[in-house]
Amino acid sequence: MSRIAYFGPRGTFTEQAARVLAPGEELIPVETIRQAMTAVREGAADAACVPIENSVEGVVPATLDALSESAPLVAVAETILPIHFSVLTRPGNPEIRTVASHPHALAQVREWLDANLPGANAVASSSTSAAAVGVLEGDFDAAVCAPVAVEHYALDVLATEVADVTDAATRFLLVRRPGELPEPTGADRTSVVAAAANRTGTLAELLTELASRGINLTRLDARPTRSNFGEYRFFIDFEGHVAEPRVLDALTALRRHCRNLRFLGSHPRADGVPTTIEPGFGNDDFLEAAAWADAVRKGAQA
């Protein structure tokens, strides 16, 4: 049985995602995203489940930073969970004056709270599950939690399927130490983090290398390097798999432009959207072009 560290505590959406990505495996909750990845790097866990982006609140900076530092890890799978919350209270609690949750969760139910608990004060907690513990201990009157939290905490469900944005979702990654990658499926995602020179046109050069090979971006973010003010790392997700000639050719080109290029994995997309292949940019086109160039090099044709 594999050991899967996840951003805990128990009863969070990350636990739900870990159950999807690693069914039947041993789940180990840890306090932070960085600790989950450290557990993998140090061999205390075989993989880690961490959130990477939310459709409402955007990217998760702690995950990006932890992926770009220390020993490399690669994503081997992803899942996308719809984010609908449950509001939990102590049994028999007659009045709700405080509602606690993680700030991202509170931001996603603000309209519901205004409409249904207009007199309650919203209080930020370190996680949705920490809010549930606070309700149990009498610190708060209600908690906005992942639905799975009710399995771990003896609380009543005041409301469920709560969300201001009904189609809100979060994408989670399963990351491991570098090794054998998942086979390409035709609906894959590749991720890199690029530390490029701090000069005019650097980002445009990186994106041009992808565009010139017909590769479609799915996400682009920048995070400071934390070493020199004004210097950034670029986190780039794009369609395709490193086993494809056009993607490997693009990675080779990106490496030439970067002080450091870290490969973060190739894996099937959770949404199953097939890779976009424009005419002239298929893998066979790249193979045929490489064969022609090799023949020219060997003097077989002019």
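The following exchange examines helix packing, a sheet and salt bridges in a predicted model.

In this predicted model, local features require pLDDT of at least 70 and side-chain atom pairs count only at pLDDT 80 or more, while totals for chains, interfaces and linings use all residues. Residues are numbered from 1 along each chain as its sequence is written, and side-chain values use heavy atoms, with hydrogens and water left out.

User: Which residues of helix H2 are buried?

Analyst: Helices (H or I, at least four residues) and strands (E, at least two) are DSSP runs numbered from the N terminus. Buried denotes under 20% relative accessible area, exposed over 50%, and partly exposed in between (1.4 Å probe, protein chains only). The cover over the buried residues of H2 includes strands S1 (3-7) and S2 (26-30) and helix H3 (61-68), contact being heavy atoms within 4.5 Å. Within H2 (residues 33-41), the buried residues are Ile33, Ala36, Met37, Ala39, Val40 and Arg41.

User: Which strands stand at the edges of the open five-stranded sheet?

Analyst: Two strands pair if DSSP finds at least two bridges between them. The order of the sheet is S8-S7-S9-S6-S10, with mixed pairing. Each edge strand has a single partner strand, so one side of each is left without a neighbour in the sheet; these strands are S8 (121-124) and S10 (156-162).

User: At about what angle to S9 does helix H6 run?

Analyst: Axes are lines fitted to C-alpha atoms, for helices over the stretch in contact, and angles run from 0 to 180 degrees between N-to-C directions. Helix H6 (residues 128-136) lies across S6, strand S7 (98-101) and S9. Its angle to S9 is about 160 degrees.

User: How many residues apart in sequence are the parts tied together by arginine 189 and glutamate 78?

Analyst: A salt bridge is a side-chain nitrogen of Lys or Arg within 4 Å of a carboxyl oxygen of Asp or Glu. Arginine 189 forms one with glutamate 78, their closest N and O atoms being 2.8 Å apart. Arginine 189 lies in strand S12 (residues 188-196) and glutamate 78 in strand S5 (residues 74-82), so the pair ties together parts whose separation in sequence is 111 residues.

User: Is arginine 269, the salt-bridge partner of glutamate 239, buried or exposed?

Analyst: The closest N and O atoms of glutamate 239 and arginine 269 are 3.4 Å apart. Glutamate 239 lies in strand S14 (residues 232-239), and arginine 269 in the loop between S15 and helix H9 (283-297). Like glutamate 239, arginine 269 is buried.
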